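Student: I would like a close look at one part of this model, with the reasoning spelled out. Please take the cysteines and the charged side chains together.

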Amino acid sequence: MDYRPRPEDSRFILNAVLDAPSKLRALAPFAEVDEALQAQVLEEAARFVAEAVAPINRSGDEIGCRFANGEVATPPGFREAYQAFVDGGWPGLSAAAEDGGQGLPAVLEAILYEWLSAANHGLTMAPGLLHGAYACLKHHGSDELKARYLSKIATGEWLATMCLTEAHAGSDLGQVRTRAVPQADGSLRVSGGKIFISGGEHDLTPNIVHLVLCRMPDAPAGPKGLSLVLVPKLLPDGARNAVHCERIEEKMGLHGSPTCTMRFDDATGWLVGEPGRGLAAMFVMMNAARLHVALQGIGLLDAAWQKAGAYAAERRQMRAPGAVVPASRGAEAADLIAEHPAIRRILDTQRAWIDGARTLAYRSALMLDVAAHDADPKARERAQRWCSLVTPVLKAACTQQAFHGASECLQVFGGHGYVREWSIEQIVRDARVTMIYEGTNEIQAIDLLVRKVLPDGGAGMSAVLLELRDTLDASRDADADVQRRLAQLRYLGTTIAMAAHANPVLPYEVADDYLRAVMLAMLAWAWARIDAAEASEAERAARAGPAAALRRWVLPEFDMRLAIVKRACEGVAMAHDAAKTPAAAG
């Protein structure tokens with residue numbers, strides 16, 4: 001079965017849980033974006049995804065991209081689907097109207113890309129960096145570069161790449177060697193090689209805009225010496241630039257997306273931002289990309305859950321423990337596997353993750369608009385703090401659950417899941433890379449704890465957790481439980497900060513466990529808001545199983561992660577005390 005978006009699920013979270021319509025109307029650019037308009041956009045997006053994108057997912061995986069003579073051919077149907085995507089105005093959904101976009105809220109774009117990733121991850125990789133490239137150029141590009149490239153990127157007429165990684169450097173961008181030499185006319189000549197470049201060459205658009213991280217002459221070593229240069233495939237006069245695709249990778253998954261090794265041979269480019277400030281300019285792009293990767297994780301998990309749920313609703317195996325079967329069925333009749341407790345546990349657990357993670361991701365997308373458009377500077381500051389702290393949590397946790405949860409959904413199929421017939425194995429393969437790109441999940445955890453939580457002693461994270469606490473009603477048992485977890489998390493941050501003074505390595509060792517604890521506490525908050533939202537009896541009944549699964553099978557991990565980190569901190573304290581105690585006299 002092909003993936004089918006369910007707009008009603010997303011609307012419930014937007015409207016009933018997050019009260020998005022009123023929050024958006026309070027922002028000047030979206031004063032006219034009411035609930036009806038949002039619903040219309042989502043219905044049209046769902047139809048487009050289901051009809052134009054999902055049907056070519058499996059063939060895109062099986063046929064894949066083809067490389068010959070420096071050129072890449074995408075799978076059959078991809079060019080037509082992408083052109084329909086552009087013709088429908090979908091790439092520019094949240095781009096400013098003056099740049100050719102529709103000027104709609106970021107949260108609608110977030111939902112669109114979640115669905116696109118669920119329906120066809122390979123094809124969605126092509127426009128996946130458009131928003132980040134657009135934001136980067138809009139904030140840091142010169143007027144001349146904006147006039148030439150901004151609207152082309154905003155509308156998806158030209159696609160963009162982010163060229164960071166080099167073979168010798170991996171995630172250590174301070175080792176980047178690609179060179180950019182200034183020319184008399186103000187351009188630069190870029191030379192070097194980049195690897196793992198998604199969409200570095202393809203046949204979807206005539207031009208490709210490469211944003212290349214490189215080093216200018218006499219630049220200092222390390223990340224502070226990096227600059228960002230825009231290098232197009234085609235120069236303004238239409239001539240081919242000295243940009244070459246040397247090969248595409250043979251990958252575990254994402255066969256519909258070309259992952260390219262690129263070579264720049266004195267290619268012509270132009271500086272974006274200031275010399276030596278390339279990372280600052282690129283982080284605008286990277287942070288937007290990381291939220292979209294989190295949404296990829298949510299979408300892929302939803303796609304796996306849909307397949308597994310549909311299979312479980314038609315496949316019969318054995319008698320379900322405790323099932324009451326009418327006598328007419330016969331004593332030997334088999335039950336649907338959906339009635340077996342083991343299968344219900346798998347399905348309800350994934351659903352708990354999907355709805356909770358959606359709530360957090362949609363809230364983050366709303367905060368992007370608040371940070372950009374709210375008239376109150378304090379509200380903008382709070383929104384920016386949320387995005388800074390929560391984005392790495394979502395990127396890491398949602399992608400980890402996408403892979404492991406999709407593997408659990410494959411288990412529902414038994415042996416049928418391990419063969420290609422049902423396409424569940426494709427989701428497992430495609431999902432694995434999301435834990436790696438746009439900063440590995442380990443890097444996300446270190447970024448969160450070492451670079452964002454500890455420098456201010458945990459004050460910023462504490463403020464975020466207090467904001468969540470204040471949205472809850474302590475008279476409700478579920479809310480009081482969440483408040484307890486949030487308080488424990490605040491104290492844990494203080495405990496790590498104190499231990500780090502004695503052992504600066506400790507935060508790097510416990511960063512993964514800390515991030516996981518943050519995500520679990522926030523999932524608990526999200527489900528408290530879901531449970532408190534106004535809903536029909538049918539909606540409540542549908543969410544009863546996932547809500548119970550969250551309490552029984554998901555949240556107990558919070559206490560485990562808490563104990564792991566606390567034990568590590570106690571070990572540091574004991575070692576520190578032992579070092580201060582003089583040896584007993586013999």
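Student: How far is the sulfur of Cys398 from the closest cysteine sulfur, and which residue holds that closest sulfur? Please go on from there to the salt bridges around Asp9.

Tutor: The model is a predicted one. The cysteine sulfur closest to that of Cys398 belongs to Cys387, and the distance between them is 14 Å, too far for a bond. A disulfide needs the two sulfur atoms within 2.5 Å. A search over the whole structure turns up zero disulfides. Cys387 is accordingly in no disulfide, with the sulfur of Cys398 as its nearest cysteine sulfur. Both side chains can also be placed by accessibility: Cys387 is buried at 8% relative accessibility, and Cys398 is buried at 4%.

Now the charged side chains. The structure contains 34 salt bridges, and two of the pairs involve Asp9. One partner is Arg6, with N and O 2.7 Å apart. The other is Arg351, where the closest N and O atoms are 3.8 Å apart. The cut-off for a salt bridge is 4 Å, so the Arg351 pair counts at 3.8 Å.

The residues in these two pairs do not share one accessibility class. Asp9 is buried, with a relative accessible area of 11%, whereas Arg6 is partly exposed at 31%. Arg351 is buried, at 5%. Asp9 belongs to helix 1, residues 7–17, and Arg351 to helix 11, residues 341–373, so their salt bridge ties together parts that lie 342 residues apart in sequence.

Helix 11 also contributes Arg358, whose partner Asp302 sits in helix 10, residues 278–312; this pair therefore ties together parts 56 residues apart in sequence. The side chains of Arg358 and Asp302 meet at 3.0 Å, N to O. Arg358 is buried at 1% relative accessibility, and Asp302 is buried at 2%.

These pairs belong to one network, in which salt bridges are joined through shared partners. Its members are Arg6, Asp9, Glu114, Asp302, Arg351, Asp355 and Arg358. Asp9 shows how the sharing works: Asp9 pairs with Arg6 and also with Arg351. To sum up, the two cysteines discussed here form no disulfide with each other, their sulfurs being 14 Å apart, while the salt bridge of Asp9 and Arg351 links helix 1 to helix 11 and that of Arg358 and Asp302 links helix 11 to helix 10.

Note on methods
Residues numbered from 1 in each chain as written. Predicted model: local features only at pLDDT ≥ 70, side-chain atom pairs only at ≥ 80, totals over all residues. Heavy atoms only, no water. Buried < 20%, exposed > 50% of the residue type's maximum accessible area, 1.4 Å probe, protein only. Helix = DSSP H or I, 4+ residues; strand = E, 2+ residues; numbered from the N terminus.
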